[in-house]
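Good morning, everyone, and thank you for making room for me today. Please have the sequence and the picture open while I talk, since I will be pointing at particular residues as I go.

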Amino acid sequence: MLALAFLLLCSSAHADLYRWVDPESGSVKLSNSPPPWYERGGGPAVELIPYAAPRARPAAADPFAPPSVGVLQARWREELLAFSSQPTRERLQSLALLNAELDKADPAGARRRQDEVSSIQRRTQK
């Protein structure tokens, strides 16, 4: 019996809203039931605001979660291209840090990345 009463209370929460300006006070009134003149007319204009079910919000991303492999690979490629155009010690250190992070996240791609770095180093030495 208690569950039935709870269900009835919850179902009444999905109601339209009615909005109008009170002619006596000039204040805006909101109600889930229409004012007395709504059906017969003759009073101030009433705006019907239909009920819209709330949309589910996407879950917030964990700010402390490690970046995905795809994000790391994109950053690594950018850094590799930057290093190939301007080889500096700072870029090499940044590339090495990204490479170590990627090796943890994607150990299977370590050999491929090493081959790419070696290829870039051979081209820059010529």
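I will speak about a sheet, then about one hairpin within it, and finally about a single lysine.

Before anything else, please keep in mind that what you are looking at is a predicted model.

Let me begin with the sheet, which is open and consists of three strands in the order β2-β1-β3, with antiparallel pairing. The strands at the edges are β2, covering residues 28–31, and β3, covering residues 46–49, and each of these pairs on one side only. If you follow the sheet from one strand to the next, the twist averages 20°.

Now let us look at how β1 meets β2. Strand β1 takes in residues 17–21, and four bridges join this strand to β2, with the two running antiparallel. To find the pairing in your picture, you can start at Trp 20, which stands opposite Lys 29 in β2, and then move to Arg 19, which has Leu 30 of β2 standing opposite. The hairpin made by β1 and β2 has six residues between its strands, and in this hairpin Gly 26 takes a positive phi near 80°.

My last stop is Lys 104, which lies in helix α3, a helix of residues 89–105. Is Lys 104 buried or exposed? The relative accessibility of Lys 104 is 73%, and because the cut-off for exposed is over 50%, Lys 104 counts as exposed. Lys 104 and Val 69 are 35 residues apart in sequence, while from C-alpha to C-alpha they are 9.7 Å apart in space.

How values were computed
Residues are numbered from 1 along each chain as its sequence is written. This is a predicted model: local features need pLDDT of at least 70, side-chain atom pairs count only at pLDDT 80 or more; totals for chains, interfaces and linings use all residues. Side-chain values use heavy atoms; hydrogens and water are left out. Two strands pair if DSSP finds at least two bridges between them. Axes are lines fitted to C-alpha atoms, for helices over the stretch in contact, and angles run from 0 to 180 degrees between N-to-C directions. Buried means under 20% relative accessible area, exposed over 50%, partly exposed in between (1.4 Å probe, protein chains only).
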